[in-house]
Amino acid sequence: MTQDDLGLKNRHKLMYDAEGRLDLKSLTREELERWFVEGLGEKRFRALQVYKWIWQRGISDFAEMTNVSKDLRALLAERAYLCTLSERLVQRSSDGTAKYLWGLEDGYAVESVLIPEEDRITLCVSSQVGCAMGCRFCLTGDMGLVRHLKPSEIVNQVAQINAELPEDRRITNLVFMGMGEPLHNLEHLDTSLQILLDDDALNFSHRKITVSTSGLVPQIGKLAERTPVNLAISLNASTEAQRREIMPITERYSMASVIEAARNYPLGSGKRITFEYVMFKDFNDSLEDAARLYRLLRGIKAKVNLIPYNENPSRDYRKPDAQTVKAFQNYFVSRGLNCSVRSTRGDDISAACGQLGREASGVGG
Ligand code: SAH
Ligand code: SF4
């Protein structure tokens with residue numbers, strides 16, 4: 001039985017390996033159960049056993065599934081496989097940040113960044129190789145979209161790093177702020193979130209997961225319908241013209257429509273929408289910008305996250321000085337709007353925002 005016979009929604013071209021075996025780690029628990037029953041003629045509960053071996057025990061070989069019969073293990077090995085990322089490089093920063101470079105089955109690579117803080121350990125996850133959105137200031141944007149990551153490749157970033165960490169120092173928070181536009185890869189993001197949130201798999205709370213988007217308006221609505229995770233919007237501008245200049249996606253979805261989508265995003269109690277605002281010197285860093293941004297966000301349960309631009313030699317943009325950033329922040333704080341400044345982490349290993357680019361991804365040019 002093929003994936004199409006099952007009507008699985010994951011139609012990624014790498015769902016099967018060269019031998020035609022199915023990538024089981026790209027299936028939700030329900031999909032796996034259906035494949036067991038309809039594809040293998042097995043009992044449904046066997047699927048849950050296998051699913052737990054995969055995600056709770058982290059095993060990567062069917063042979064290790066000791067409560068599964070020998071025959072079934074052999075059948076699984078014939079029809080399916082367990083995808084693992086190959087850890088090509090780990091760079092550790094003096095501030096504790098660690099950047100992981102993962103090799104994929106087809107030779108491309110993506111990165112994840114682990115950010116330990118006092119009260120949390122955050123993993124910044126990639127969702128695509130490259131990105132189609134072409135934001136002018138972003139190195140990932142230069143690559144264009146090479147391909148979507150499949151669910152196993154997204155969840156493995158979390159599972160494989162967790163397996164390396166001591167039990168009391170495991171990942172507590174996930175942010176989809178690595179390479180790629182997660183909402184452009186909504187199907188696979190959705191499957192990944194189901195696995196990440198499932199008690200029988202990685203058991204994250206939806207409160208600890210944040211998806212960051214450049215503002216794909218219809219997909220923001222769809223995410224809201226499917227999975228109630230935290231939403232972050234990369235606004236980065238205080239006028240439509242300014243945003244169009246740095247974020248071409250604004251031609252398709254106006255800044256006003258993005259803010260409207262944020263306004264309509266359902267929020268659980270105590271939750272807020274994060275508006276990320278990359279600050280560029282003499283471009284969007286004046287107090288007039290702050291005042292406009294404040295007006296735009298009125299009536300939304302919002303918090304603002306200022307990100308001083310991480311400079312790159314290939315770009316003319318500069319980062320504002322610390323006083324300008326402070327004054328911008330104070331504008332909001334003095335008016336009762338929650339506003340933080342993102343500290344640069346992992347600068348010495350190029351792990352900061354917008355530095356995850358072509359160089360490491362196996363993409364030529
Ligand atoms: N594609 C998604 C998530 C990945 S980008 C998005 O755009 O939201 C994560 C964040 O890094 C975004 O807020 C983006 O605006 C920011 N960013 C990109 N390049 C940057 C740079 N050079 N300096 C600072 N922030 C940057
Ligand atoms: Fe893509 Fe986000 Fe970079 Fe824009 S900022 S190019 S959406 S990764």
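1. Contacts of R315. In this predicted model, R315 touches R136, F137, C138, L139, D142 and Y309, its neighbours within four places in sequence being left aside. The residue sits in the loop that runs between β13 (302-308) and α13 (322-333). Its relative accessible area is 8%, and R315 is therefore buried, since the limit for that class is under 20%. A polar contact of 2.8 Å links the side chain of R315 to the side chain of S314.

2. Surroundings of ligand 2. Which residues lie around ligand 2? They are C131, M133, G134, C135, C138, G141, G180, E181 and S214. Sorted by class, this shell holds four nonpolar residues, four polar residues and one charged residue. C138 belongs to the shell, and C138 is also one of the residues in contact with R315.

3. Strand β6 and its side chains. Strand β6 covers residues 121-124. I121 and L123 point one way from the strand, whereas T122 and C124 point the other way. Such alternation of side chains between the two faces of the sheet is what a regular strand shows. Are these residues of β6 buried or exposed? I121, T122, L123 and C124 are all buried.

4. Partners of β6. Strand β5 (residues 109-116) pairs with β6 in the antiparallel sense, over four bridges. Within this pairing, T122 of β6 is the bridge partner of I115, and a hairpin of four residues joins β5 to β6. With strand β9 (residues 173-176), β6 runs parallel, and three bridges join the two. Here C124 stands opposite V175 of β9. T122 and C124, which point the same way from β6, thus appear in the two pairings: T122 as partner of I115, and C124 facing V175.

5. Helix α2. The helix comprises twelve residues, 29-40, and at 1.5 Å a residue it should span 16 Å; its end C-alpha atoms lie 15 Å apart, which agrees. E31, L32, E33, W35, F36, G39 and L40 are its buried residues. Just after the helix, G41 adopts a positive phi of about 70 degrees.

6. Helix α3. This helix, residues 44-55, also has twelve residues, for which 1.5 Å a residue gives an expected span of 16 Å; the 17 Å between its end C-alpha atoms agrees with that value. Buried in α3 are A47, Q49, V50, Y51, W53, I54 and W55. Against which helices do the buried residues of α3 pack? They pack against α2, α4 (70-79), α6 (151-164) and α7 (186-197).

7. Positive phi outside glycine. N236 is not a glycine, yet its phi is positive, at about 65 degrees. N236 is placed in the loop between β11 (230-234) and α9 (240-246). With a relative accessibility of 2%, N236 counts as buried. D282, likewise a residue other than glycine, has a positive phi near 55 degrees. Its loop lies between β12 (273-279) and α12 (287-296). D282 has a relative accessible area of 68% and is exposed, because the limit for that class is over 50%. The two residues thus share a positive phi, whereas N236 is buried and D282 is exposed.

Conventions. Residues are numbered from 1 along each chain as its sequence is written. Chains are lettered from A and ligands numbered from 1 in the order in which they are written. This is a predicted model: local features need pLDDT of at least 70, side-chain atom pairs count only at pLDDT 80 or more; totals for chains, interfaces and linings use all residues. Side-chain values use heavy atoms; hydrogens and water are left out. A residue is near a molecule or strand if one of its heavy atoms lies within 4 Å of it. Ala, Val, Leu, Ile, Met, Phe, Trp, Tyr, Cys and Pro count as nonpolar, Asp, Glu, Lys and Arg as charged, and the others, Gly among them, as polar. Buried means under 20% relative accessible area, exposed over 50%, partly exposed in between (1.4 Å probe, protein chains only). Two strands pair if DSSP finds at least two bridges between them. The expected span of a helix is 1.5 Å times one less than its number of residues. Contact means heavy atoms within 4.5 Å. A polar contact is a pair of N or O atoms within 3.5 Å; within protein, one must be able to donate a hydrogen and the other to accept it, and residues adjacent in sequence count only if both atoms are side-chain atoms.
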